[in-house]
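Subject: Structure handover

Hello,

Here is the structure we talked about handing over. My notes on it follow below.

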Amino acid sequence: MHSNLRDNPLTGDLDYILTHTGGLWEDLRGKRLFITGGTGFFGCWLLESFAWANDNLDLNASAIVLTRNYDTFQKNAPHLAANPAIKFHIGDVRDFSFPEGEFSHIIHAAATSAIATFNNEDPLVKFDTIVEGTRHTLDFAVQCHARKFLYTSSGVVYGKQPSGMTHISEDYCGAPDPADPNSAWGEGKRAAEFLCAYYSSRYGIETKIARCFSFVGPHLPLDIHYAIGNFIRDALNGGPILVNGDGTPYRSYLYAADLAVWLWTILFNGESCRAYNVGSEDDITIADVADTVAKSFQKPIEVRIAKLPDADRPAERYVPLTKLAQINLGIRQVVDLRTAIERTIAHHLSLCKINSLQQ
């Protein structure tokens with residue numbers, strides 16, 4: 001095993017991912033993988049699990065990761081940056097130069113960064129990055145003769161979930177409001193899905209689409225716009241946990257290790273041009289999420305909710321139905337929310353301990 005992987009604090013999760021994807025990796029044996037967005041939350045988990053499988057199964061596979069900022073990635077994940085099977089290609093997803101040679105698989109997870117979204121990035125820049133980036137990556141897939149292409153889309157393609165619908169299925173034909181500039185993310189993702197379908201029809205590439213919802217786990221930023229990340233940050237700081245709204249919206253969270261299992265399974269075995277919802281069906285209010293985070297600590301943590309609920313307004317929902325992936329691909333959620341939160345907290349504390357020892 002590569003020396004940088006032996007002491008990985010995610011060993012338990014990576015073994016879990018390998019157990020649930022073991023036979024699928026033969027598809028990648030001796031092949032080359034190209035990943036965009038490899039340095040984000042999704043990308044880190046994909047690279048962690050790729051490196052783990054490549055090493056444990058002697059796949060002799062390699063990956064090239066497109067990134068705009070190698071130095072930041074090297075600082076955040078030095079063990080991955082130093083892995084001999086992983087190389088980096090500097091560029092922007094909208095116009096990167098095409099690496100030489102053939103790649104059998106492509107995972108396109110790049111979009112605008114979570115930090116840019118948190119900082120109110122211009123909606124047109126967001127839309128262009130998603131659409132132009134997807135088209136450019138698909139053009140590269142044609143040139144490098146890729147067989148399988150996974151696109152990480154989003155549940156926002158459905159627009160606002162009707163209040164009477166507990167879970168959204170892939171058959172729901174709702175959409176974002178095209179007259180609302182704040183729909184840039186959802187409209188961009190819809191256009192990108194169209195491009196995946198077009199290139200599959202025109203060039204014969206197997207394009208798989210993962211419509212992703214909400215997630216939690218190690219590598220999730222705690223200090224931007226992810227509510228569950230903010231709650232964990234507040235609790236790690238001793239509280240109180242602050243809920244900015246009334247706490248009534250419903251969300252659901254899939255643990256990062258389960259997310260990795262789902263994405264690899266969709267890439268290797270998903271049906272071409274088929275969109276799969278990726279997430280948890282276990283709905284929970286934001287207020288209860290905050291309470292669950294608080295109860296994950298031994299000492300009492302106060303939860304403060306900023307606003308009172310409006311009895312005349314139905315609660316918002318953003319919760320997927322995932323029966324298609326469960327039935328067609330045999331994948332399901334295994335890690336429950338409480339366990340997912342506890343593992344995220346433990347990982348963060350272990351990193352803090354390592355950093356303090358290095359100082």
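Does Arg338 count as buried, partly exposed or exposed, and at what relative accessibility? Arg338 counts as partly exposed, at 35% relative accessibility; buried is under 20% relative accessible area, exposed is over 50%, and partly exposed lies in between (1.4 Å probe, protein chains only).

Some conventions before the rest. This is a predicted model, in which local features need pLDDT of at least 70 and side-chain atom pairs count only at pLDDT 80 or more, while totals for chains, interfaces and linings use all residues. Residues are numbered from 1 along each chain as its sequence is written, and side-chain values use heavy atoms, with hydrogens and water left out. Helices (H or I, at least four residues) and strands (E, at least two) are DSSP runs, numbered from the N terminus.

Salt bridges

A salt bridge here is a side-chain nitrogen of Lys or Arg within 4 Å of a carboxyl oxygen of Asp or Glu. The count by this rule is 15.

Arg338 is paired with Glu342, with 2.8 Å between the closest N and O atoms. The two are four residues apart in helix H13 (residues 337–358), so about one helical turn separates them. Glu342 is also partly exposed, at 34%. Elsewhere, Asp27, Arg147 and Lys148 are joined into one network by salt bridges that share partners.

Helix H11 holds a pair with the same spacing in sequence: Lys295 and Asp291 are four residues apart, about one turn of the helix. Their closest N and O atoms are 3.0 Å apart. Lys295 is exposed at 53%, and Asp291 is partly exposed at 29%. As background, an α-helix has 3.6 residues a turn, so residues three or four places apart point the same way.

Glu193 and Arg211 form a salt bridge at 2.7 Å, N to O. Glu193 belongs to helix H8 and Arg211 to strand S6 (residues 206–212), so this pair ties together parts that are 18 residues apart in sequence. Glu193 is buried at 9%, and Arg211 is buried at 12%.

Thr292 and Asp92

Thr292 sits in helix H11 (residues 286–295) and is buried, with a relative accessible area of 16%. A polar atom of its side chain lies 2.7 Å from the backbone oxygen of Asp288; a polar contact is a pair of N or O atoms within 3.5 Å, where within protein one must be able to donate a hydrogen and the other to accept it, and residues adjacent in sequence count only if both atoms are side-chain atoms. Leaving out residues up to four places away in sequence, Thr292 touches Ile284, Arg338 and Ile341, where contact means heavy atoms within 4.5 Å.

Asp92 is in the loop between strand S3 (86–90) and strand S4 (105–108). Asp92 is buried at 17%, and its side chain reaches the backbone nitrogen of Arg94 at 2.8 Å. With the same sequence exclusion, Asp92 touches Leu66 and Arg68.

Helix H3

Helix H3 (residues 41–56) has 16 residues and reaches 23 Å from its first C-alpha to its last, close to the 22 Å expected, which is 1.5 Å times one less than its number of residues. Of those 16 residues, 14 are buried. Just after H3, Asp58 takes a positive phi of about 50°.

Regards
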